[in-house]
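Subject: Structure for you to look over

Dear colleague,

Here is the structure I said I would pass on. My notes on what was found in it follow below.

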Amino acid sequence: MLDLLEADRAFVAENEAQILDLEAQITARQRWIDLLRDAQRAAKQRLSSYKYPVLTLPNEILGEIFMHFLPPYPDPPPLVGNLSPICLTHVCRRWRDVACKMPSLWRAIELHPSVHRLSNLGETLSLIAKWSARSGHSPLSIRMECRRQFDPISIFTSLIPHRARWEHLNLNFGSGSYIQTLDIDRPMPLLRSLTLTVWDAVGTPLPLLEVPLLRTVVINDQGSPSLVLPWSQLTSLTLRRTHPGACLSILREASQLLECRLHLWSQRTPLGGGAVVLPRLESLVFERDSEVCREFFESLVTPALRRLELPEAFLRPHDVETLKAYISKSGCTLQSLRVTALASLIQQILYRMAFRSIPTITFCE
């Protein structure tokens, strides 16, 4: 009987001791858990108070970074996609607020269906309206290429209410008939540059005369008959695939030109009409695949010319003498001469010896 009692006491004592030991372990571990929870709360507090460095930037600095995300104005970014400013509005609420309130992000608009892959006309018009609204009162740069799947009339009509803000206009149309329906012969007080490519000129030329700031024009052979332009106020002119006779007719009116780039095309008849004097022209470039027309080159008189680039074929058969005669006739002081399509090393040496007074002479095969 005593043995059983001793056994019970030993059992109770052993379990009480185990309970006390477990309580001690629990207490120790609880202190450790409390420490871990304190560390967790501190980490959460540090994280909640932390701001990514880019989010600490003032809006002005953030806006400057956004501007470097885009091509230099007036070149437009894509209307949609990873390189569109719309992409910036998807990062966070603050970026969206800053981007949507920056008219300079939305002032250059490109309308090109193969690039944008827009699903329908309604989506395109909705995006144009959104960009136009976000651009505020900023001058606009518009680049538009028309294809069969594009509706140029509807799209361009959506931009006409903003005509007074057009600063740079780049249009590529398959048919000149679009020009007749786009209502672009109205005043455009801010227009500074116009690029027009037309592959099929039709209809009566539209006068584009109320453009007091227009100084730069790039146009092809079918584009120039589609518009009546104020040639006399231009300072920069590029004529693409244009007949020499048509070029001379335009240059006779463009007396204020400072720079001119020409791509002559398909001359079949004598030019006539006498010399064309361009008193302020400083840079004259004939593209290397221009149709060779020495009569055209020799009809120009450019007393202020500083830079000349032309294919060697324009000077044949007496290359050096022909160029000497041109410089003498014009009375110009060239600072830069570039002769293209010239493979002969001997000819290059002859040019350098004959024109030692020209600081920069380069050649291109």
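Two strands are taken as paired if DSSP finds at least two bridges between them. Strand β4 (residues 193–198) and β6 run parallel and are joined by 4 bridges, which is enough to count as a pair. Please keep in mind that this is a predicted model.

The sheet

β4 and β6 belong to an open sheet of 11 strands, with parallel pairing, in the order β1-β2-β3-β4-β6-β8-β9-β11-β13-β14-β15. At its edges are β1 (108–111) and β15 (360–364), each of which pairs on one side only. From one strand to the next the twist averages 5 degrees.

The part around β6 can be followed residue by residue. On the β4 side, L196 has I219 of β6 as its bridge partner. On the other side, β6 (residues 216–220) pairs with β8 (residues 236–242) over 5 bridges, again in the parallel sense. There, the bridge partner of V217 is L237 in β8, and V218 stands opposite T238 of β8. In a regular strand, side chains alternate between the two faces of the sheet. As for solvent, β6 is mostly covered, with 4 of its 5 residues buried.

β8 also holds a residue to check in the backbone. R241 lies in this strand, and its phi is near 50 degrees, a positive value in a residue other than glycine. Is R241 buried or exposed? Neither label fits: its relative accessibility is 29%, so R241 counts as partly exposed.

Helices on the sheet

Helix α8 (residues 244–253) packs on the sheet and touches both β8 and β9 (259–264). The direction of α8 makes about 160 degrees with that of β8. Towards the β15 edge, helix α11 (residues 345–354) lies across β14 (336–340) and β15, and runs at about 165 degrees to β15.

Helix α10

Helix α10 (residues 319–330) has 12 residues and reaches 17 Å from its first C-alpha to its last, close to the 16 Å expected at 1.5 Å a residue. Which of its residues are buried? They are D319, V320, T322, L323, Y326, I327 and S330. These residues lie on the same side of α10, because the arc they cover around the axis is only 165 degrees. What they pack against is a mixed set of elements: β11 (283–286), α9 (294–298), β12 (300–301), β13 (307–311), β14 and α11.

I327 makes a useful example from this helix. I327 has a relative accessibility of 17%, and buried means under 20%, so I327 counts as buried. Apart from neighbours within four places in sequence, I327 is in contact with C332, L334 and F355. From I327 to D8 the C-alpha to C-alpha distance is 127 Å, with their positions 319 residues apart in sequence.

Both sides of α10 in the chain have a backbone feature to look at. Before α10, in the loop between β13 and the helix, lies P317. The peptide bond from R316 to P317 is cis, with omega near 0 degrees. After α10 comes G331, whose phi is positive, near 70 degrees.

The F-box span and helix α2

An unreviewed UniProt entry carries the annotation "domain: F-box" for residues 55–109. In the model, the end C-alpha atoms of this span lie 28 Å apart, and the span is 35% helix and 4% strand.

Helix α2 (residues 59–69) has L62, G63 and F66 as buried residues. They cover an arc of only 100 degrees around the axis, which puts them on the same side of α2. Their packing partner is α3 (93–100). The face of α2 turned away from that buried side carries the exposed residues E60 and H68.

In the loop between α2 and α3 is P74. A cis peptide bond joins Y73 and P74, with omega about 15 degrees.

For your own look at the model, I would suggest starting with the backbone points: the cis bonds at P74 and P317, and the positive phi of R241.

Regards

Terms used
Residues numbered from 1 in each chain as written. Predicted model: local features only at pLDDT ≥ 70, side-chain atom pairs only at ≥ 80, totals over all residues. Heavy atoms only, no water. Helix = DSSP H or I, 4+ residues; strand = E, 2+ residues; numbered from the N terminus. Axes fitted to C-alpha atoms, helices over the stretch in contact; angles between N-to-C directions. Contact = heavy atoms within 4.5 Å. Expected span 1.5 Å × (residues − 1). Buried < 20%, exposed > 50% of the residue type's maximum accessible area, 1.4 Å probe, protein only. Arc of directions from axis to C-beta. UniProt positions renumbered as here; feature names shortened; annotations may be inferred.
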